[in-house]
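Please study the sequence and the structure shown below before attempting the exercises. Each task is followed by a worked solution.

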Amino acid sequence: MNERTVTVFGGTGFLGRRAVRHLRKREFSVRVASRHPDRGHGLFGLDDPQLHSVKANIHDERSVANALAGAYGVVNAVSLYVEHGQETFHSVHVESAQRVAAQARRAGVERLAHVSGIGSDAASPSLYIRKRGEGELAVRAAFADAILIRPAVMFGPDDSFLTTILNLLGRLPVYPMFGRGLTKLQPAYVEDVGEAIARALQRTETRAITFECGGPRVYSYEKFLRAVAHEANLKPTLIPVPFAAWHGLAWISEMLPSPPVTRNQVELMQVDNVSSPDLPGFGELGILPNSVEELLREMLWDH
Ligand SMILES: NC(=O)c1ccc[n+]([C@@H]2O[C@H](COP(=O)([O-])OP(=O)(O)OC[C@H]3O[C@@H](n4cnc5c(N)ncnc54)[C@H](OP(=O)(O)O)[C@@H]3O)[C@@H](O)[C@H]2O)c1
């Protein structure tokens, strides 16, 4: 029995809830920290004595300190995809990421896994990508041996990536591609990334390390669309749409309550999203990653 507690900020999110489940399978006790703990109760139930949902806001020092009290490890899987009011890429991905790391150090937390993304770069012209890069540096400055987890774009049955593509491929007479569809992608299964987080926290080695979690195949965006269409038995007409047009569309779409496309998504689609061969990834953690095709076969045909 493992008595060590891991606090997962963002533990109710798309990735965070997987990290929570994989940590529990490895017998860590888990504190699920988010602004809406009721969602945690709904997701995980109330009958696991080793799993607690707590209310926490990473913008608030005291709330972060309370969520970390007595913890062995911490995972920061908080996201922000569209800026609004005080919630900016800087406040969430740099300031609050630094706050979690500094408070963790102060509280004597031994292991910190900070979730960022492949391509994070403090020198990028894209505000989002730059803030993710600055966030990684701020986390390492506050917690030198932090584990950085950089997932590629993730897919899962409840995602907003693959399911949107699948829906649109089935409905639209022509499918508008990002640019000419040449950007390289290496989509990772969200369960594999959740497992990677759990295994990274369990490692006995404590030096600073960055894991880039990319799936088993690299596709051009066009090839990816064709692979998804093939599994769904669809024959779409794909048309190139310039990135400038996507930026305009995303700017307008961000005014909607649930924007179908955001500017940071468009910016991310302008640069290849592929894991570096020089950095450790799923292989070093002993994980054989699942492919999009495998999940699609399960989703589309096995039911
Ligand atoms: N999804 C992808 O394909 C992808 C790819 C690469 C990297 N990533 C990175 O992976 C991480 C997780 O992304 P995701 O897609 O799983 O995010 P998500 O589904 O949007 O979940 C975000 C989580 O953070 C919590 N949260 C948001 N603001 C908070 C705050 N101020 N204080 C405490 N909790 C807060 C949310 O719960 P409440 O709203 O209840 O607080 C929720 O649990 C992010 O760093 C993201 O950039 C994602």
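The exercises below concern a strand and a ligand in a predicted model.

**Exercise 1.** Determine whether the residues of strand E2 (residues 29-34) are buried or exposed.

*Solution.*
Step 1. Apply the cut-off: a residue counts as buried if its relative accessible area is under 20%.
Step 2. Inspect one side of E2, where Ser29, Arg31 and Ala33 are buried.
Step 3. Inspect the other side, where Val30, Val32 and Ser34 are buried as well.
Step 4. Conclude: six of the six residues of E2 are buried, so the strand is largely enclosed by the rest of the structure.

**Exercise 2.** Identify the strands to which E2 is joined by bridges, and describe how the chain reaches each partner.

*Solution.*
Step 1. Strand E1 (residues 5-9) runs parallel to E2 and is joined to it by five bridges. Within this pair, Arg31 of E2 has Thr7 opposite it.
Step 2. Between E1 and E2 the chain passes through helix H1 (residues 16-25), forming a right-handed β-α-β crossover.
Step 3. Strand E3 (residues 51-55) is likewise parallel to E2, with five bridges between them. Here Ser34 faces Lys55 in E3.
Step 4. From E2 the chain proceeds through helix H2 (residues 37-44) to E3, and this β-α-β crossover is also right-handed.

**Exercise 3.** Describe the surroundings of the ligand.

*Solution.*
Step 1. The ligand is surrounded by 25 residues, of which 13 are nonpolar, nine polar and three charged.
Step 2. Polar side-chain atoms of Arg35 and Ser79 lie 2.8 Å and 2.7 Å, respectively, from an oxygen atom of the ligand.
Step 3. The ligand alone exposes 900 Å², and the protein buries 87% of that area.

Note on methods: Residues numbered from 1 in each chain as written. Predicted model: local features only at pLDDT ≥ 70, side-chain atom pairs only at ≥ 80, totals over all residues. Heavy atoms only, no water. Buried < 20%, exposed > 50% of the residue type's maximum accessible area, 1.4 Å probe, protein only. Helix = DSSP H or I, 4+ residues; strand = E, 2+ residues; numbered from the N terminus. Pairing = 2+ DSSP bridges. Right-handed = clockwise from strand over helix to strand, strands pointing away. Near = heavy atom within 4 Å. Polar contact = N/O pair within 3.5 Å; in protein donor to acceptor, adjacent residues only side chain to side chain. Areas by Shrake-Rupley, 256 points an atom, 1.4 Å probe, with all protein chains shown as cover. Nonpolar A, V, L, I, M, F, W, Y, C, P; charged D, E, K, R; others polar.
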